[in-house]
Amino acid sequence: MDVLKNNVFGKFVELNEVSHSRKLTHCMLLSQLFYKDKSKMVFKVFGHDVAFTEDDLYTITRLKIEASDYSFVDAIVNHLKERYFSEVKKDLKVETLYKFMQNQSRLRDGTTHDVCVDVEVCDEDAVKLAQIYLLEVVLLGKFEGRNISDHSMKIIDDEELCVSFPWGSFYFDEFIDNLSHLLTTESVKKKPIGRISSYTALGFPFLFNVWIMEVFNNFRQFSKYENRGPIRMLSYSSIGCPKYDTLYNNLFINANVS
């Protein structure tokens with residue numbers, strides 16, 4: 001655990017019990033202003049234009065921001081997958097990683113629980129798999145049927161690359177690409193505003209909620225807040241929101257900016 005906490009994503013072990021408010025995210029997306037500039041997302045809330053940028057992601061997570069070409073990762077071999085998930089011919093699912101880690105877990109008395117006899121995980125790889133789980137499930141909020149990122153596995157497997165890699169920029173690009181298209185697809189545009197049945201938002205959902213609460217004090221009432229230092233994401237824990245109509249009409253339509 002000490003080794004894990006000293007790695008790139010280990011600080012997020014200290015996250016409070018958090019949950020993502022889908023209604024709050026949805027209201028923000030309904031307020032989105034669309035630009036061709038992919039370096040930011042702009043929203044009009046309380047009559048003000050507010051931009052979500054790389055700097056905001058860094059302030060909240062302290063993950064490295066740096067202009068980079070990530071294409072070199074494509075050529076790297078995914079040794080972790082080959083070593084522990086060779087039977088998975090296509091994409092590795094969250095549920096597969098979780099079950100594997102559960103089967104390999106060591107109990108306090110030194111014994112193991114439901115040990116997989118086919119493979120033994122060394123301590124170094126156990127930490128890497130834990131980092132992957134922290135990133136993909138805790139931070140990116142992926143459900144059990146979602147794919148684990150092949151890129152993430154490759155980078156985390158290389159300790160030096162993992163430390164130097166601009167994770168903030170990498171996931172900001174993916175986050176913006178996903179969020180900026182959610183409400184512009186044909187299937188979504190045909191639905192009445194606010195009555196869209198479902199869509200999937202990928203990448204740091206709780207981080208986006210934290211940014212909303214950082215920018216607009218009005219929304220802090222929906223979270224528990226305790227200042228825990230420079231990583232702003234660690235200071236919040238979500239406690240939910242009112243019904244959609246109340247949230248949208250009272251706060252996004254009628255409220256004054258604080």
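**Group meeting: salt bridges, one helix and ring pairs**

Let's start with a charged pair. Glutamate 14 and lysine 5 form a salt bridge, with their closest N and O atoms 3.2 Å apart. Keep in mind that this is a predicted model. Glutamate 14 is partly exposed, at 34% relative accessibility. Lysine 5 is partly exposed too, at 37%. The salt-bridge count comes to 10.

Now to helix α6. This helix runs over residues 123-139, which is 17 residues. From first C-alpha to last, α6 reaches 23 Å, close to the 24 Å expected at 1.5 Å a residue. Is it enclosed or open? Of its 17 residues, 12 are buried, so α6 is largely enclosed by the rest of the structure. Among the buried ones are Val127, Leu129, Ile132, Leu134 and Leu135. But look at the charged names on that list: Asp125, Lys128 and Glu136 are buried as well.

Two of those charged residues pair up. Aspartate 125 forms a salt bridge with lysine 128, and their closest N and O atoms are 3.9 Å apart. Because they sit three residues apart in helix α6, about one helical turn separates them. In general, an α-helix has 3.6 residues a turn, so residues three or four places apart point the same way.

Lysine 128 has another partner. Which one? Aspartate 157 forms a salt bridge with lysine 128, with closest N and O atoms 3.1 Å apart. This pair links distant parts of the chain: aspartate 157 is in helix α7, lysine 128 is in helix α6, and their positions lie 29 residues apart in sequence. Both aspartate 157 and lysine 128 are buried. Through shared partners, salt bridges join Arg83, Asp125, Lys128 and Asp157 into one network.

What follows α6? Just after the helix, glycine 141 takes a positive phi of about 65°. Further on, serine 149 sits in the loop between α6 and α7. Serine 149 is buried, at 16% relative accessible area. A polar atom of its side chain lies 3.1 Å from the backbone nitrogen of serine 152. Setting aside neighbours within four places in sequence, serine 149 contacts Glu136, Lys142 and Tyr171.

Next, the rings. How many aromatic pairs does the structure hold? It holds 26. Take phenylalanine 52 and tryptophan 211: they are edge-to-face, 5.1 Å centre to centre, with 65° between the planes. Phenylalanine 52 is in strand β3, tryptophan 211 is in helix α11, and they are 159 residues apart. Phenylalanine 52 is buried at 0% relative accessible area. Tryptophan 211 is buried at 2%.

Another pair is phenylalanine 216 with phenylalanine 219. Their ring centres are 5.9 Å apart and their planes meet at 90°, so this pair is edge-to-face. Phenylalanine 216 is buried at 3% relative accessibility, and phenylalanine 219 is buried at 0%.

There is also a cluster. Ring pairs link Phe9, Tyr70, Phe165, Trp167, Phe170, Tyr171 and Phe204. We have met Tyr171 already, as a contact of serine 149. One charge over a ring as well: arginine 220 lies over the face of tyrosine 225, at 4.7 Å from the ring centre.

Last stop, histidine 181. It sits in helix α9, residues 167-182. Buried or partly exposed? Histidine 181 is partly exposed, with 37% relative accessible area. Histidine 181 and leucine 29 are 152 residues apart in sequence, and their C-alpha atoms are 9.9 Å apart in space.

Notes:
Residues numbered from 1 in each chain as written. Predicted model: local features only at pLDDT ≥ 70, side-chain atom pairs only at ≥ 80, totals over all residues. Heavy atoms only, no water. Phe/Tyr/Trp six-rings, centres within 6.5 Å; stacked < 30°, edge-to-face > 60°. Helix = DSSP H or I, 4+ residues; strand = E, 2+ residues; numbered from the N terminus. Buried < 20%, exposed > 50% of the residue type's maximum accessible area, 1.4 Å probe, protein only. Lys NZ or Arg CZ within 6 Å of the ring centre and 35° of its normal. Expected span 1.5 Å × (residues − 1). Polar contact = N/O pair within 3.5 Å; in protein donor to acceptor, adjacent residues only side chain to side chain. Contact = heavy atoms within 4.5 Å. Salt bridge = Lys/Arg side-chain N within 4 Å of Asp/Glu carboxyl O.
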